[in-house]
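Colleague: Could you take a close look at the inside of this model for me? I'd like one connected walk through what is packed against what.

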Amino acid sequence: MDFTGLKEKTLVIIKPDGIQRGLVGTITQRFEHKGLKLVGMKMMRLGEKILKEHYAHIADKPFFPGVAHFMQSTPVILMCWEGLDVVNTVRKITGITKAREAEAGSIRGDFAMSVACNVIHASDSVETAKTEVARFFSEEDICDYDKTEYMHVYIDEERE
Ligand code: ADP
């Protein structure tokens, strides 16, 4: 998968609290309104194995069993977003982990009160995004298409 320039991709997961609280449309709309391009989307229940892989960096933390239980409490929505510097941009829109302290205007800042139930996951670097997108989406799941609004989201030089 191409992760260069306009084709940079990132993974967003709408967590069970986002699903249960009816925030799927609102969250998706925030990314759409920013000018990002949705290139992959699906709903699935996360199994133990994929969850351990995805959260390998926190798997030995005392809070991990609670997080794993929460993440399996409902299906989640997986989205792949594309755009210039999209990984960084989506992390900013997401806000910091501890939602109570997340900046107002960010998704976590506006919609969550918990460090665990913080509505969405977003890849934290381009390298991580490559691994995470490939973990949840096959090449065929990712849709390549022209987004006409790009004419007004980026200037010519940014689109080259
Ligand atoms: P982020 O999702 O902001 O990249 P981390 O990768 O550090 O944060 O943690 C992954 C997820 O684990 C968090 O989004 C959150 O749901 C949960 N988590 C992190 N730290 C804690 C904690 N101290 N207590 C409970 N859950 C936590």
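Modeller: Happy to. One bit of vocabulary before we go in: helices here are DSSP runs of H or I with at least four residues, strands are runs of E with at least two, and both are numbered from the N terminus. Also keep in mind that this is a predicted model.

Start at helix H2, residues 24–34. Its buried residues are Ile27, Thr28 and Phe31. Buried here means under 20% relative accessible area. Those three span an arc of only 95° around the axis, which puts them on the same side of H2. The general reason is simple: an α-helix has 3.6 residues a turn, so residues three or four places apart point the same way. What does that side of H2 pack against? The partners are E1, E2, E3, H5, E4 and helix H6 (107–111). Just after H2 comes glycine 35, with a positive phi of about 110°.

Two of those H2 residues turn up again in the largest nonpolar core, which has 42 residues: Ile27 and Phe31, together with Met71, are the ones with the most contacts inside it. E3 supplies the largest share of this core, 6 residues. If you follow methionine 71 and skip neighbours within four places in sequence, you find it in contact with Ile13, Lys15, Pro16, Leu46, Leu51, Tyr55 and Val76.

Now swing over to helix H7, residues 126–136. Ala129, Glu132, Val133 and Phe136 are buried there. Their arc is only 100° around the axis, which puts them on the same side of H7. The elements they pack against are strands E1 (9–14), E2 (37–44), E3 (76–82) and E4 (120–122), plus helices H3 (48–54) and H5 (86–94).

Threonine 10, in strand E1, shows this packing from the other end. At 0% relative accessibility, threonine 10 counts as buried. Not counting residues up to four places away in sequence, threonine 10 touches Ala129 and Val133, and its other contacts are Met79, Cys80, Trp81, Val86, Val87, Val90 and Ser123.

Glu132 is worth a second look, since its side chain and that of histidine 121 are joined by a polar contact of 2.9 Å. Histidine 121 is in strand E4 and, with 9% relative accessibility, counts as buried. Beyond four places in sequence, histidine 121 touches Glu132, Leu11, Val12, Ile13, Lys15, His54, Tyr55 and Arg108.

Several of those names lead us to the ligand. Which residues surround it? They are Lys15, Tyr55, His57, Ile58, Phe63, Val67, Arg91, Thr97, Arg108, Val115, Ala116 and Asn118. For polar distances, a side-chain N or O atom of arginine 91 is 3.0 Å from a ligand oxygen, a polar side-chain atom of arginine 108 is 2.9 Å from a ligand oxygen, and a polar backbone atom of alanine 116 is 2.8 Å from one. The protein covers 79% of the 530 Å² of accessible area that the ligand has on its own.

Isoleucine 58, one of the surrounding residues, sits in the loop between H3 and helix H4 (64–71). It is buried at a relative accessible area of 13%. Setting aside neighbours within four places, isoleucine 58 is in contact with Phe63, Phe64 and Val67. For a sense of spread, isoleucine 58 and leucine 84 are 26 residues apart in sequence and 29 Å apart in space, C-alpha to C-alpha.

Compare that with tyrosine 150 in helix H8 (residues 150–153): tyrosine 150 and lysine 37 are 113 residues apart in sequence and 8.9 Å apart by C-alpha. Tyrosine 150 counts as buried at 8% relative accessibility. Its contacts beyond four places are Leu6, Gly35, Lys37, Glu82, Gly83 and Arg159, so here we meet glycine 35, the residue just after H2, once more.

Last, two backbone oddities to check by eye. Valine 119 has a positive phi of about 70° although it is not a glycine. It lies in the loop between H6 and E4 and is buried, with a relative accessible area of 0%. Aspartate 85 also isn't a glycine, and its phi is positive, near 55°. Aspartate 85 belongs to the loop between E3 and H5 and is partly exposed, at 48%.

Notes. Residues numbered from 1 in each chain as written. Predicted model: local features only at pLDDT ≥ 70, side-chain atom pairs only at ≥ 80, totals over all residues. Heavy atoms only, no water. Buried < 20%, exposed > 50% of the residue type's maximum accessible area, 1.4 Å probe, protein only. Arc of directions from axis to C-beta. Contact = heavy atoms within 4.5 Å. Near = heavy atom within 4 Å. Polar contact = N/O pair within 3.5 Å; in protein donor to acceptor, adjacent residues only side chain to side chain. Areas by Shrake-Rupley, 256 points an atom, 1.4 Å probe, with all protein chains shown as cover. Core = buried A, V, L, I, M, F, W, Y, C linked by side-chain atoms within 4.5 Å.
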